[in-house]
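Reader: I have a structure to study for my course and I am not sure how to begin. Could we go through it together?

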Amino acid sequence: MSDDKAIWPPIEPISAGLHGRCPRCGEGQLFSGFLSVGKRCSSCGLDYSYADAGDGPAVFVILIIGFIVVGLALWTEVTLSPPLWLHLLLWIPLTLVLCLTALRLIKGVLLTLQYANKAAEGRLDRGE
């Protein structure tokens with residue numbers, strides 16, 4: 001990420017990430033597909049080559065959605081004791097929908113926070 005000399009209005013990174021918008025101008029699209037990040041912003045021209053969320057979004061999704069779905073499944077089993085086929089019918093589609101939705105949202109938030117905090121790859125200070 002190069003230093004941006006232009007004057008841009010401050011953008012709330014979490015809101016921009018949840019809406020899939022550019023972290024600099026808040027107008028252009030961040031994603032070109034469902035989870036693939038675009039090459040650059042169509043409004044301000046920001047290069048998205050810095051954007052690399054790694055495995056962060058997947059880890060958060062696994063932890064958050066896993067906690068929700070397993071908690072609901074345990075509660076349902078203890079209170080209602082439904083048959084196994086009903087558990088499968090309930091929890092597999094719910095897990096898929098929640099994971100796919102949350103993955104895009106969390107990836108957008110992490111990428112916009114990465115831009116807002118000027119996060120970059122670590123460098124060693126050689127003292128030169």
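Author: We shall go through the cores, the surface, an aromatic pair and several single residues; please keep in mind that this is a predicted model.

Reader: Let us begin inside. Which residues make up the largest nonpolar core?

Author: There are twelve of them. Four are cysteines, namely Cys 22, Cys 25, Cys 41 and Cys 44. The others are Leu 30, Phe 31, Leu 46, Tyr 48, Tyr 50, Ala 51, Leu 111 and Tyr 115.

Reader: And what does the second core include?

Author: That core is separate and has seven residues, among them Ala 73, Trp 91, Ala 102 and Ile 106. As background, nonpolar side chains in soluble globular proteins tend to be buried together.

Reader: Two tyrosines were on the first list. How many aromatic pairs are found in the whole structure?

Author: The search finds one. The partners are Tyr 50 and Tyr 115, with 5.7 Å from centre to centre and 45° between the planes, which makes the pair tilted.

Reader: Where do those two tyrosines lie?

Author: Tyr 50 belongs to the loop between helix H1 (13-19) and H2, whereas Tyr 115 belongs to helix H3 (residues 84-116). The pair therefore ties together parts that are 65 residues apart in sequence.

Reader: Why does Tyr 50 count as buried?

Author: Because its relative accessibility is 11%, and buried means under 20%. Tyr 115 is buried as well, at 17%.

Reader: Now the outside, please. Which residues make the nonpolar surface patch?

Author: Val 59, Phe 60, Leu 63, Ile 64, Phe 67, Ile 68 and Leu 72 make a patch of about 680 Å². One of these, Ile 68, is in helix H2, which covers residues 56-80.

Reader: Is Ile 68 buried, exposed or partly exposed?

Author: Ile 68 counts as partly exposed, because its relative accessibility is 36%.

Reader: Changing topic: what is His 87 in contact with?

Author: Apart from neighbours within four places in sequence, His 87 is in contact with Ala 73, Thr 76, Glu 77, Pro 82 and Ile 92. Ala 73 also appears in the second core. His 87 itself lies in helix H3 and is buried, with a relative accessible area of 13%.

Reader: What about Arg 21, where is that found?

Author: Arg 21 is in the loop between H1 and H2. Its relative accessible area is 29%, so Arg 21 is partly exposed. With neighbours within four places in sequence set aside, its contacts are Ala 16, Gly 26, Glu 27, Gly 28, Gln 29, Leu 30 and Thr 112.

Reader: How many residues separate Arg 21 from Val 109 along the chain?

Author: They are 88 residues apart along the chain, while their C-alpha atoms are separated by 9.7 Å.

Reader: Thr 112 was among those contacts. Which residues is Pro 13 in contact with?

Author: Leaving out neighbours within four places in sequence, Pro 13 is in contact with Thr 112, Leu 113 and Ala 116. Pro 13 lies in helix H1 and is buried, with a relative accessible area of 16%. From Pro 13 to Ala 58 the C-alpha distance is 19 Å, and the two are 45 residues apart in sequence.

Reader: My lecturer mentioned phi angles. What is phi of Ser 81?

Author: It is near 50°, a positive value in a residue other than glycine. Ser 81 lies in the loop between H2 and H3. For context, most residues other than glycine have a negative phi. Lys 118 likewise has a positive phi, of about 55°, and is not a glycine.

Reader: Where is Lys 118, and is it buried or exposed?

Author: Lys 118 is in the segment after H3 and is exposed, with a relative accessible area of 61%. Arg 123 also lies in that segment and is exposed, at 70%.

Reader: Lastly, how far apart are the C-alpha atoms of Arg 123 and Ala 51?

Author: They are separated by 17 Å, with the two positions 72 residues apart along the chain, counted as their distance apart in sequence. Ala 51 is one of the residues in the largest nonpolar core.

Notes: Residues are numbered from 1 along each chain as its sequence is written. This is a predicted model: local features need pLDDT of at least 70, side-chain atom pairs count only at pLDDT 80 or more; totals for chains, interfaces and linings use all residues. Side-chain values use heavy atoms; hydrogens and water are left out. A nonpolar core is a set of buried Ala, Val, Leu, Ile, Met, Phe, Trp, Tyr and Cys residues joined through side-chain atoms within 4.5 Å. Buried means under 20% relative accessible area, exposed over 50%, partly exposed in between (1.4 Å probe, protein chains only). Patches are made of residues with over 30% relative accessible area and no salt bridge: like charges are joined within 9 Å, nonpolar side chains (Val, Leu, Ile, Met, Phe, Trp, Tyr) within 5 Å. Accessible areas come from the Shrake-Rupley method with a 1.4 Å probe; for residues, only the protein chains shown count as cover. A salt bridge is a side-chain nitrogen of Lys or Arg within 4 Å of a carboxyl oxygen of Asp or Glu. Helices (H or I, at least four residues) and strands (E, at least two) are DSSP runs, numbered from the N terminus. Rings of Phe, Tyr and Trp (its six-membered ring) pair if their centres lie within 6.5 Å; planes under 30 degrees apart count as stacked, over 60 as edge-to-face and the rest as tilted. Contact means heavy atoms within 4.5 Å.
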